[in-house]
Amino acid sequence: MTMFKPNIRVERLQVTAKGKVAYDENFHSGLNIIRGENSSGKSTVMDFIFYALGGDLSDWRESALRCDSVILQVALNGKSATFSREISEQIGRPMRIFLGTIDEASGAGQEQWQLYPYARGSKDSFSQVIFRFLGLPEVQYAETDTKITINQILRLLYADQLSPVEKLFRPQRFDDAITRQTVGELLCGAFSSRYYNAQIRLGQANKELDIAEAQIKAIIRSHGKDGNPLTTEWFEIETASYNQQLESTSAEISKLEELIFHTQFDDRLSLNDQEETYKNIVELQAKIAKLQEEIDSLELERADSLQFINALDEKLVQLHQSDTVIDEFRTLEYEYCPACLAPIDKHGIEGACSLCKSAYDPRETKARSLKLINEFARQRQESLELQAERVEEIERLREALASTKALWAQASRHYQVAVRSPTTELRLRLRELNRSAGYLIRQIEDLAGKAGVIEQLAALSKNAEDIRGETRLLKGAIEAEKQRNAKQVSRAKTAIADLVVQFLKRDLARQSTFQNAESVTFEFDADRIAVNGDSFFSASSMVYLKNSFLAAFCFAATQDSSFNHPRFLLMDTVEDKGMEPERSQNFQKILFEYSKEAISDHQIIIATSMIASELNVPEVTIGDFYTHEMRTLRY
């Protein structure tokens, strides 16, 4: 069967109590029915699945609190992973993840498990890891840095008995309309990678622009007190003017020195000034060479890192495509030997290669690719962070280089002056000229100190302008994606509503509005659904309507790859609120029929005490028929 992504499928659930296995059952694709008497532990199993997938659960049943941990083997886009969480009344518990099956995890060392917290922080949360495996964007909502979590996704995938029947979402603490709206639209297929990346980048660009503008203002306040514009043109004009004045003063000093030399030949000459200036030039030149070498080294590292990041991007694309190739190889059979062209006899070895007869387990290959996806994504994020640090360090070094070069140029001119004007015991005029020259030199040095500031200001101004241009492009892209999102959500909601109408018309004749249903409307933010404009029905009909909506959402996603719905549903309400057996069983048979007609691989898990006789077969049911004497949990 085709697999639309994202795709979640529970493969095996294991619960431990006092160090022993209290529950252990395998699940399959399509419709799964957990059956048994009322109060035999079916709902507890449903809660375990929700919690193991990353749901937030604190109101545990008493029987569940006697257990230690829940371990879930789950296929994420066809790749097996094992999740483990300790059972606790404390909310926000972490999750341990093993990339492989439960059987493989049981023989693995602790170092092969990775522990992820509930909330994001210095380390990735388990929601980030699961979203990464599923290929779902970590959508940010409202005007905060808050992002959608797997718990919020599961609120629209799990119908439990304690949730209000008139609400579409499973309730949670601190619920709000914008969160529900974002989750609903995400599952409908909104928030493409392009839209999400543009939104994230726009937020980053706005912050970068604010920082750049603040730095520009700070530099102007600090270094522009005299009212002069801190531009390259002003710097060059001021420097040329002071150099010209210094050259003129030096010429006068030279003439006066020559006059003193001829009139007082016995005056002692000194080369100290030339030597000190020359020493300063050598030191500055060495510093320039060192700074340039550090910049070149960092530039090479940045180029190498960019190639590494591009290579990781290519590997991640290839790994996401690898499971398709693996599935194709599983179905590849040879009729003739590719070497000698002799016919090949078929064998009865399950899972073995048709050519060499060697055992082959594609799940091991998929588990390895899943591990590599997580590792390469982590390496890519770390490389991007290091790359940002390199860029910042290069800018700092360039600023230091510009200042040092300006000081070197000034020292060179000073040396030329010193060579032409050997120092003597100067008279009053010569001292005045030297003071003037000293003043000019200090002014030139002050300007040299501003060279790095001016270069930094120019770089910041250019960077700010580049960011403004980028934000204009990003806003255009976001607006275009918003229009695409609106069309996608509208199309998805129409498909869901049409399927809900079909479910209602096939209900037993218990609610006239359902039999005459023409339109179904629903609002994620308002958390409500209406049929022909009416939202109030009997309790059992409200249950049927909610179940029909959740099932229709799932089945619409199995027919259309543009949905972001993970093609997974947990339903513990097929007989809730006084639902009569015939009505519940009719709904079960409709579920089974739509499941058989689905294009994409999917999974629906329901719990009931009144299973339809046609569905009470091993291909559909999970485990035994549970009773008060033989409950789901065996302590």
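Helices here are DSSP runs of at least four residues, numbered from the N terminus. With that in hand, we can take a friendly walk through this predicted model, starting inside one of those helices.

**A residue in helix H11**

Gln488 belongs to helix H11, which covers residues 428-505. Is Gln488 buried or exposed? Its relative accessible area is 6%, and because buried means under 20%, Gln488 counts as buried. Leaving aside residues up to four places away in sequence, Gln488 touches Cys188, Gly189, Ala190, Ser562 and Phe563. Its contacts thus include residues numbered well before H11, such as Cys188, along with Ser562 and Phe563.

**An open sheet and the helix across it**

Let us turn to the sheet. Six strands, in the order S2-S1-S4-S5-S6-S7, make up an open sheet with antiparallel pairing. Strand S2 (20-26) and strand S7 (114-116) are at the edges and have a single partner strand each, so one side of each has no neighbour in the sheet. From one strand to the next, the twist averages 25°.

At the S7 edge, the partner is strand S6 (residues 95-98), and the two pair in the antiparallel sense over 3 bridges. Within this pairing, Met95 is found opposite Tyr116 of S7.

Which strands does helix H4 lie across? Helix H4 (residues 126-134) lies across strand S1 (8-17), strand S4 (69-76), strand S5 (79-86), S6 and S7. Its direction makes an angle of about 35° with S6.

**Two cavities**

Finally, the enclosed spaces. The model holds 2 cavities of 30 Å³ or more, and the table sets them side by side.

| Cavity | Volume | Lining by class |
|---|---|---|
| Largest | about 60 Å³ | 3 nonpolar, 1 polar and 5 charged residues |
| Second largest | about 30 Å³ | 2 nonpolar, 2 polar and 3 charged residues |

Around the largest cavity stand Asp47, Leu57, Asp59, Arg61, Tyr158, Asp160, Gln161, Leu162 and Arg170. The charged residues in this lining number 5, and Asp47 and Arg61 are among the lining residues.

What lines the second largest cavity? The residues are Asp160, Ser163, Pro164, Val165, Lys546, Thr573 and Asp576. Asp160 therefore appears in both linings, given that a lining residue has an atom within 4 Å of a cavity point: Asp160 is listed for the largest cavity and again for the second largest.

Conventions. Residues numbered from 1 in each chain as written. Predicted model: local features only at pLDDT ≥ 70, side-chain atom pairs only at ≥ 80, totals over all residues. Heavy atoms only, no water. 1 Å grid on protein atoms, 1.4 Å probe; cavity = no way out; pocket = protein on both sides within 12 Å on 5 of 7 lines; lining within 4 Å. Points joined across faces, edges and corners; volume = space filled by probe spheres on them. Nonpolar A, V, L, I, M, F, W, Y, C, P; charged D, E, K, R; others polar. Pairing = 2+ DSSP bridges. Axes fitted to C-alpha atoms, helices over the stretch in contact; angles between N-to-C directions. Contact = heavy atoms within 4.5 Å. Buried < 20%, exposed > 50% of the residue type's maximum accessible area, 1.4 Å probe, protein only.
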